[in-house]
Amino acid sequence: MRKQNETRHSFCDSKGSCTCHAEPVRPRSGQAEVKHPRGEGILRSAQNDKTPQDPKDPLFSNRVGLVLWLVAAGLLAACQKVDHAITTAAFEVAVSSPTPIVQVAVTQPPLLPTNTPPNPATATSTLLNAGVPESTESKIDLLALKATHTPSPTATPTPGPDVVLITDEPIFVGGDVRLQGWSPNGRYLAYFEYTEEQLAASPVDIPGTAQGTFTFYDAVTEQKCQRYALDGRFPYEGPEYGFRFTWLANGDLLIFTEDGQAIQTNDPCGQEENLTAFFPEPIRSVGFYLNDQLLLLTGTSAYWLYNVENHNIYPIAEITPDLFNNLVPSPGGTYIGVTLAGNYAGNRSPIGGTRVVDVVTGQIVARYDWEPANALDGTFGGPVWLNENEMIITFSLDKGPFFMTVDGEVRPLLPFFGLEFTGEPFLPYADVYVEPDSGHYHILLTDWGWSEEKMPPQVYHSDTDLVETLENLEGDVFLMPGGIMENPREDSTYLIRSITDVGAAWERPLPCAPPWQIPDSTYFTRTPGSNCIDIFAWPDCERMAAFQLDWAAEDGSYLNAGLSPDNHWLVIVPVNKHGRGQALFVIPLPEMEEGSSS
């Protein structure tokens with residue numbers, strides 16, 4: 001068995017000559033344990049969760065695979081050119097996140113790329129007087145801003161150390177792998193493994209329809225734990241969706257099994273406490289933390305608020321669990337904004353809407369009905385919280401986007417842009433970014449309608465009460481963590497600009513981090529080839545390490561790779577052209593020091 005203080009691999013020189021030896025892994029000191037991100041909801045609001053996901057990804061295939069599966073096949077085909085990059089970004093979020101993600105707030109459906117990105121020499125931002133104008137038909141151009149320079153040249157990452165050949169054996173080889181995340185301390189990796197026999201027993205060849213085996217892998221002892229009977233399948237409708245476990249603030253594991261048991265333990269498959277008697281009904285999935293103690297759970301008939309300290313549990317009134325409902329906590333955890341899916345089967349009755357829940361009582365304190373476009377409106381419609389008292393509903397068929405307070409006050413959003421809602425074919429969509437320190441918000445307004453005379457994208461800035469019109473663009477734009485991104489070029493490159501700065505120039509993003517992902521940790525991975533993994537430091541884009549996996553890759557396959565929360569372990573999943581994870585590697589890493597690469 002491999003020793004815990006060494007990594008078995010080979011160093012390869014530039015001529016391809018490799019020498020195998022064991023490199024001692026230096027002990028790590030002075031590193032604080034990763035704390036549970038309390039108060040950061042799993043069902044995150046739009047400004048906090050912008051990563052596009054891929055239905056082929058092992059972790060996100062359940063929720064987001066379903067969303068994309070329901071979208072027209074033509075739209076999926078249009079997105080294939082960026083599949084690999086998007087899958088890699090999604091995977092890195094998955095394996096580095098200590099908190100299971102129950103639902104992902106996808107803020108924009110995949111739209112058909114139209115052409116090339118805007119030419120920064122001609123793309124124009126027209127500044128408008130914002131606020132609520134006296135007449136929604138008039139617009140006054142105050143200033144025309146043109147980008148004054150071409151995009152910055154593509155940055156070249158700092159040359160890294162010699163490539164390390166990984167010859168470790170995988171901990172699993174089989175039909176598929178779906179990662180479920182790390183424990184906060186970076187010791188336990190949760191995942192479903194699927195044998196070829198389990199996949200063959202599935203009635204259809206669709207992700208999420210095979211049984212699978214739920215597994216905890218202890219990276220320290222190299223032991224697997226498969227005690228807990230969790231189903232590797234996920235539903236396409238109804239309430240039974242989501243992760244059945246979470247890591248509590250004290251580091252304990254809380255898990256709800258298929259047979260209705262509730263288990264808490266500080267050692268998976270070790271000594272445990274049975275908490276089943278505290279819960280009125282079986283729990284189907286675990287949601288987000290609202291504060292240090294209060295956790296949202298989904299039962300068979302209701303949403304529940306559970307105090308992890310004293311085991312007090314009480315239901316959220318009136319709202320029946322549904323896969324397409326979108327529950328988003330307010331920034332301070334005082335309220336939950338709920339976008340109801342409504343009746344998406346055909347007659348749109350009830351039409352859906354938004355509810356505000358007081359988490360102290362579980363009672364609805366504000367409600368407003370609006371018409372969703374389809375089943376996915378629980379995601380596309382928000383809500384996005386601006387502060388503890390107000391949120392934005394980003395998309396509706398009968399109201400357009402609008403503001404709503406926790407007191408139930410509703411006001412239209414379009415007058416801030418000098419517009420009024422006229423209905424189809426004009427279908428405005430509001431994407432929102434809130435500055436975490438100042439609370440200023442910025443709204444990217446785009447037209448999802450099918451009129452040939454579409455409204456050009458516009459940006460409202462609350463700090464200056466001004467509106468920019470993004471003119472002379474040749475494609476659709478999206479709000480990403482890195483800013484406003486224009487659709488990829490034919491060569492799959494992108495242009496991006498700041499959403500907070502008025503008249504910001506379009507530039508090329510750093511090659512080490514795509515615009516749909518800003519790393520939330522010191523180190524992150526990229527997979528530049530079918531068997532290569534680079535580790536970069538953020539935000540300097542310094543390459544800290546480079547690896548090559550000794551694995552016979554199939555044609556059309558690629559690697560997903562990511563780091564544990566403590567950066568001690570590298571996780572690698574080779575994925576075939578059908579989106580199935582063929583194997584799972586967990587590789588111990590030597591300590592990385594910035595500035596050490598050559």
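This passage describes some backbone features of the predicted model, namely cis peptide bonds and positive phi angles.

We can begin with the cis peptide bonds. One of them joins Gly 382 and Pro 383, with omega at about 5°. Following the chain here, the reader will find Pro 383 in a loop, with helix 5 (377-380) on one side and strand 23 (384-385) on the other. Another cis peptide bond links Trp 538 to Pro 539, and its omega is about 10°. Pro 539 also has its place in a loop, this one running between strand 35 (532-537) and strand 36 (542-549).

Attention now turns to phi. Cys 269 is not a glycine, yet its phi is positive, at about 70°. This residue belongs to the loop that connects strand 13 (262-265) with strand 14 (273-274). Cys 269 has a relative accessibility of 23% and therefore counts as partly exposed, because the buried class is reserved for values under 20% and the exposed class for values over 50%.

Asp 465 likewise combines a positive phi, of about 60°, with a side chain other than that of glycine. Its setting is the loop between strand 29 (458-461) and strand 30 (466-471). With a relative accessibility of 29%, Asp 465 is therefore classed as partly exposed.

Methods. Residues are numbered from 1 along each chain as its sequence is written. This is a predicted model: local features need pLDDT of at least 70, side-chain atom pairs count only at pLDDT 80 or more; totals for chains, interfaces and linings use all residues. Side-chain values use heavy atoms; hydrogens and water are left out. Helices (H or I, at least four residues) and strands (E, at least two) are DSSP runs, numbered from the N terminus. Buried means under 20% relative accessible area, exposed over 50%, partly exposed in between (1.4 Å probe, protein chains only).
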